[in-house]
Amino acid sequence: VPRHGSPLTPAELIDLYAPASRAAQWLRVNFIQSIDGSSSVGGLSGALGGPADKAVFDILRGVADVVLAGAGTVRSEGYGALTVDGRLVEWRRRAGLPDHPVMAIVSRRLDLDPASALFTEAPTRPLVFTTSNAPSGARRELAEVATVIDAGAEEVEPRHVLAELERRGLPQVLCEGGPTLFGLLIAADAVDELCLTTAPLLEGGAGARIAAPRGEMAAPQEMELVSLLRSGAMLLARYARPAS
Ligand SMILES: NC(=O)c1ccc[n+]([C@@H]2O[C@H](COP(=O)([O-])OP(=O)(O)OC[C@H]3O[C@@H](n4cnc5c(N)ncnc54)[C@H](OP(=O)(O)O)[C@@H]3O)[C@@H](O)[C@H]2O)c1
């Protein structure tokens, strides 16, 4: 675990979160929660956040090849086009990456607006992972603005999603939730890393925790602490699957 007594510069913060290796596929998940374990306040995660969490949120996007999110998060958080700022564009160019990561959405019902900026202003055509049973009308409309990919019959299967991202040359995957998708990824034993911000707030119990339960769970997975930052009373931890 690195030790830092003094504030990190923006460049040091990027170095801390930059992938150690780009060769192998790596699924990193990013969440914020309250100290009593809630992933939202009034249905949104925004009230939990602050400048330090936002800085790390942006860096995690900036060093990823693809940002994966469930449709519930995309709808409730009102996702726009996925772009990263100039400093991260420079970092990406030095790393030989395209200026912006690709957006990928997981949805069964395809209740996504093809006229929204998420699609129409995207620098790279977004991917939509769905099932072969998805509504055909919505599929046709979304196919005008996104690449729609079947990744299961009844539900989207994480292994299909990850294999497809690998095939497309997008090994560094950042999942931004939400809890339903995170629960699915844990059950599939697919999570390599969790970046978890803990906000100094007692939410009171109305919000869901960061992972929704699934019927069939993988055995509890131990994780190692990679780094821990503090910004005021906010803690930003990074846990990874132990090297085998
Ligand atoms: N604290 C945080 O860091 C954080 C992060 C993200 C989200 N959130 C909060 O989480 C809440 C949303 O939670 P959520 O659990 O609904 O979000 P979610 O996991 O983003 O979305 C659930 C939706 O994703 C699709 N989906 C998930 N698994 C699927 C599968 N196996 N096959 C096909 N489709 C699948 C479905 O979309 P369709 O309905 O389109 O079929 C499902 O309704 C919001 O309040 C948001 O603010 C918090």
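Let's start with one helix. α8 gives the most to the lining of the second largest pocket, with three residues. Before going further: this is a predicted model.

So what is this pocket like? Its volume is about 500 Å³. There are 22 residues in the lining, and those closest to the centre are Phe182, Ile186, Arg209, Ala211 and Gln221. Two elements, α8 (179-187) and β7 (193-199), each supply at least two lining residues. How does the lining of this second largest pocket divide by class? There are 16 nonpolar residues, three polar and three charged.

Stay with isoleucine 186 for a moment. It sits in helix α8. Is isoleucine 186 buried, exposed or partly exposed? Its relative accessibility is 29%, so it counts as partly exposed. Now look along the chain to proline 220. Isoleucine 186 and proline 220 are 34 residues apart in sequence. In space, their C-alpha atoms are 9.0 Å apart.

Next, the strands. β7 also pairs with β9: six bridges join them, and the two run antiparallel. One example: leucine 194 has tyrosine 239 in β9 as its bridge partner.

β9 has another partner. Strand β8, residues 224-231, pairs with β9 over seven bridges, again in the antiparallel sense. Serine 231 stands opposite methionine 234 of β9. Together β8 and β9 form a hairpin, with two residues between them. Look at glycine 232 in that turn. Its phi is positive, about 60°.

How many of the seven residues of β9 are buried? Five, so to speak of β9 (residues 234-240) as mostly covered is fair.

Over to the largest pocket. It holds about 790 Å³ of space. Its lining has 33 residues, and the closest to the centre are Ser45, Phe57, Thr73, Glu77 and Tyr79. Which elements give two or more residues to this lining? They are β1 (26-34), α2 (51-62) and α3 (71-76). Of the elements, α2 gives the most, with five residues.

Now the classes. The lining of the largest pocket has 11 nonpolar, 15 polar and seven charged residues. Put that beside the second largest pocket, with its 16 nonpolar, three polar and three charged.

α2 turns up again at helix α4. In α4, residues 86-94, the buried residues include Leu88, Val89, Trp91 and Arg92. Where do the buried residues of α4 lie around its axis? They fall within an arc of 160°, so they line one face of the helix. Turn to the face away from that buried side. There you find Arg93 and Arg94, both exposed. And the cover? What covers the buried residues includes α1 (10-17) and α2. After α4 comes glycine 96, with a positive phi near 80°.

Last topic: enclosed space. Rolling a probe the size of a water molecule over the atoms shows where empty space is left. The count here comes to three cavities of 30 Å³ or more.

The largest cavity first. It has about 60 Å³ of space. Its lining is Pro19, Trp26, Arg28, Leu60, Val63, Ala64, Gln172, Val173 and Leu174. β1 and β6 (172-175) each supply at least two of these residues. β6 gives the most, with three. By class, the lining of the largest cavity has seven nonpolar residues, one polar and one charged.

Then the second largest cavity, at about 50 Å³. Lining it are Leu68, Val106, Val156, Pro158, Val161, Leu162, Leu181, Leu184 and Leu185. The elements giving two or more residues are α7 (158-167) and α8. How does the lining of the second largest cavity divide by class? Nine nonpolar, no polar and no charged.

That brings us back to α8. This helix gives the most to the lining of the second largest pocket. It also gives two or more residues to the lining of the second largest cavity.

Methods
Residues numbered from 1 in each chain as written. Predicted model: local features only at pLDDT ≥ 70, side-chain atom pairs only at ≥ 80, totals over all residues. Heavy atoms only, no water. 1 Å grid on protein atoms, 1.4 Å probe; cavity = no way out; pocket = protein on both sides within 12 Å on 5 of 7 lines; lining within 4 Å. Points joined across faces, edges and corners; volume = space filled by probe spheres on them. Helix = DSSP H or I, 4+ residues; strand = E, 2+ residues; numbered from the N terminus. Nonpolar A, V, L, I, M, F, W, Y, C, P; charged D, E, K, R; others polar. Buried < 20%, exposed > 50% of the residue type's maximum accessible area, 1.4 Å probe, protein only. Pairing = 2+ DSSP bridges. Arc of directions from axis to C-beta. Contact = heavy atoms within 4.5 Å.
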